[in-house]
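Trainee: Could you take me closely through one helix of this model and its surroundings, and then set it beside whatever else can be said about the cavities, the cysteines and the sheet?

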Amino acid sequence: MTEFLDLEAQDGVRMPWNVVPGTKQEASNCIVPVSAMYTPIKAFPNMPMLPYAPLRCRTCRAILNPFSIVDFAAKIWICPFCFQRNHFPPHYASISDDNLPAELFPQYTTIEYESSGETVSSVPSVFMFVLDTCIIEEEIAFLKSALSQAVDLLPDNSLVGLITYGTFVHVHELGFGQIPKTFVFKGSKDVSKDQLLEQMNFFLKKPKPPTGVIAGARDGLSTESISRFLLPKSECEFALNSVLEELQKDPWAVPADQRAPRCTGTALSIAASLLGACVPGSGARILAFVGGPSTEGPGAIVSKNLSEPIRSHKDLDKDSAPHFHKAVKFYEGLSKQLVHQGHVLDLFACALDQVGIAEIKVAVEKTGGLVVLAESFGHSVFKDSLKRVFSGEYDLGLASNGIFEINCSKDIKVQGVIGPCASLEKKGPLCSDTVIGQGNTSAWKMCGFDKATTLNLIFEIVKKETSDATVQSASNQFYFQFLTYYQNSSGQMRLRVTTLSRRWVAGPGSIQDLIAGFDQEAAAAVMARLVSFKMENEAEFDPIRWLDKSLIHLCSRFGDYQKDTPSSFSLSPRFSIFPQFIFHLRRSQFVQVFNNSPDETAYFRMILNRENVANSVVMIQPSLISYTFHSAPEPVLLDVAAIAADRILLLDAYFTVVIFHGATIAQWRKAGYHNQPEHQAFAQLLQAPRGDVDATIKERFPVPRLVICDQHGSQARFLLAKLNPSATYNTESPLPGGDIIFTDDVSFEVFLDHLQRLTVQ
């Protein structure tokens, strides 16, 4: 595994196949697609920053890289993608074998260019807060305190706007300092951008231009009319805080048999139109704080009558969710508008009920927004996550205005990207006919992303069979180049270039090479994104069957066995953990929607689609660490057999972190032994997992939920649900002090048994 981690530390890339199947047929036999998990702006401590513009190939526009062939005498370089010969410009005249520019150094396959003269630091960051007021007083108090802390953390020059909504949408004119002043819009009616500008008196002093698009101070709006609604924090902090202090629950009475009339869709649409008119093209963020389901106006997910339940997975499967498709269509329109403007939608959903994440998902995902789901605005998951967005410690490294492009060798095409981006519809010879995720393009817009955002790129090998063995040995490398243009958090434009080369193999002897280059963790992460994508986009798709068939085909192709003798089956160490990953993926919240609402499922998948391989693997197969008196903390198998009365277990399931005290430990703790000086060792044992948890929580976004529970307690379910049920109520007798799981699910041993039987047939 270490060599794959080294590649990731150099380029931010993990690929399931690091030796690539060389032909179309070979690739389809490999089941797991030829793909890459790429983190575009991963932080590299020793990556060079070049202060000049990159040198491009004149045919395919690829950028000069360590794989280019250079003729120093003739001052020519040959592009590895299209084999075009390019002349070096005059300022490269002094290059030679021992005087190379940084972009040709073999170790700098990832490099960054700083484009001078293109700084857009004049545009400060913009934050538009959109607050739901149809929530109980207690929640309003939590939200106020969290927001006033967040506003304190904002940079002084960042522009801030505020919209509150309930039955009506209130746009606050923060620039009118004497008294609070708001513009009110009816929540049940969609307002177009022109109506919005007209009604908010944007054209009182400066008449509306007769033609053209209204776009910011350059096109048709005066700066003073913009600064009524978007002000630098230093100027509007007092006005903003006084509005927040006065903030009250939506005043309209709600009948006992009805839900509150909440117009989330209208409020987000007004926020998008206002930003589109005032600051188009800047990396503005809409931060939406939602406390319940939208029931009014476009994007409503349920009617006001409490007799109508909010849609469940069953309703969506049977197509009996009357508002779903209409709401999704509305948010698709909103996402197109936001992507066009270059703005980001962040969603903080805090409610015990569903709020409509399943519908809003498309707008958050295509703009690269952040999403946090918690039970209340007072919950640490929400409060700590919100602080992380703005505070410098463990900075998320937010970037904006990104454009991501791919170049690759002519035998490879791009099927698409699964991840937080939107297609720019740049069609070309690189695009495959099969589309997965955001496809049919070789360039994508990333309105917002951070240094951990990871895209999953899926390729197709189009090379037909090669009969000629000599051709194969001459050029058996595939090349990939990823370009990311973006504006970093301090407002400078950067271009990150990563160029990769991977050997391809074909023909009878290639299986051992493929096995040697197989990265099972990356493969599990790719399969998880792929199965989630298929579940959302393919009708009648059976995920369990698809995963099982894929695993059986993979094992029968890469396993060692004699036909029809299951006991002879074995897998190379490169593949040996993969069946375990698939077993846990089948049981994970990405595939099993039972017991999760559509909102929770959408939330889990949105996070899966933006995280790197290491984090995705923790989501699929949580890690379990055991703490005892006799030994140092050690990882144990994710199995019910790991439970013992005198052990503390720490389960990290990414979204939740569980500290589980065995029965004896819980008894001692309740008796207060850890407070007695002679039981120092026990106090240290209780404290050890807490220290490890704090370190984990600090680095993760959204902040996970911490559950501290005891064996046989009600919250122990958080641990039991993730364990392999090797001991159930059917098993003979469990270990003393151990536990059993009440389930009819198959255990991993039975799963492996069936896998071996089916593979060798």
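Mentor: In this predicted model, the buried residues of helix H17 are covered by elements that include helix H8 (313–317), helix H10 (357–366), strand E16 (371–374), helix H14 (520–537) and helix H18 (613–620). Helix H17 itself spans residues 598–608 and is mostly covered, with ten of its eleven residues buried. Reading along the helix, the buried positions are Pro-598 and Asp-599, then Thr-601 and Ala-602, and after these Tyr-603, Phe-604, Arg-605, Met-606, Ile-607 and Leu-608. As background, an α-helix has 3.6 residues a turn, so residues three or four places apart point the same way.

One of these buried residues, Met-606, also belongs to the lining of the largest cavity, where the other lining residues are Val-364, Glu-365, Gly-368, Gly-369, Val-371, Pro-420 and Arg-610. That cavity has a volume of about 50 Å³, and a search of the whole structure gives three cavities of 30 Å³ or more. By residue class, the lining of the largest cavity divides into four nonpolar, two polar and two charged residues.

Turning to the cysteines, the count of disulfides comes to zero, and two of the cysteines can be followed individually. A disulfide requires a pair of cysteine sulfur atoms within 2.5 Å. Because the closest cysteine sulfur to that of Cys-236 lies 14 Å away, in Cys-278, the separation is too far for a bond. The case of Cys-350 is likewise excluded, because the closest cysteine sulfur, in Cys-134, is 15 Å from its own and too far for a bond. Both residues are nevertheless covered: Cys-236 counts as buried at 0% relative accessibility, and Cys-350 counts as buried at 2%.

The sheet remains to be described. Four strands, in the order E1-E3-E21-E18, form an open sheet with antiparallel pairing. The edges are strand E1 (13–14) and strand E18 (412–418), each of which pairs on one side only. Strand E1 pairs with strand E3 (residues 35–38) in the antiparallel sense over two bridges, and within this part of the sheet Arg-14 stands opposite Met-37 in E3. In general terms, strands of a sheet pair through backbone hydrogen bonds, either parallel or antiparallel.

Terms used: Residues numbered from 1 in each chain as written. Predicted model: local features only at pLDDT ≥ 70, side-chain atom pairs only at ≥ 80, totals over all residues. Heavy atoms only, no water. Pairing = 2+ DSSP bridges. Buried < 20%, exposed > 50% of the residue type's maximum accessible area, 1.4 Å probe, protein only. 1 Å grid on protein atoms, 1.4 Å probe; cavity = no way out; pocket = protein on both sides within 12 Å on 5 of 7 lines; lining within 4 Å. Points joined across faces, edges and corners; volume = space filled by probe spheres on them. Nonpolar A, V, L, I, M, F, W, Y, C, P; charged D, E, K, R; others polar. Contact = heavy atoms within 4.5 Å.
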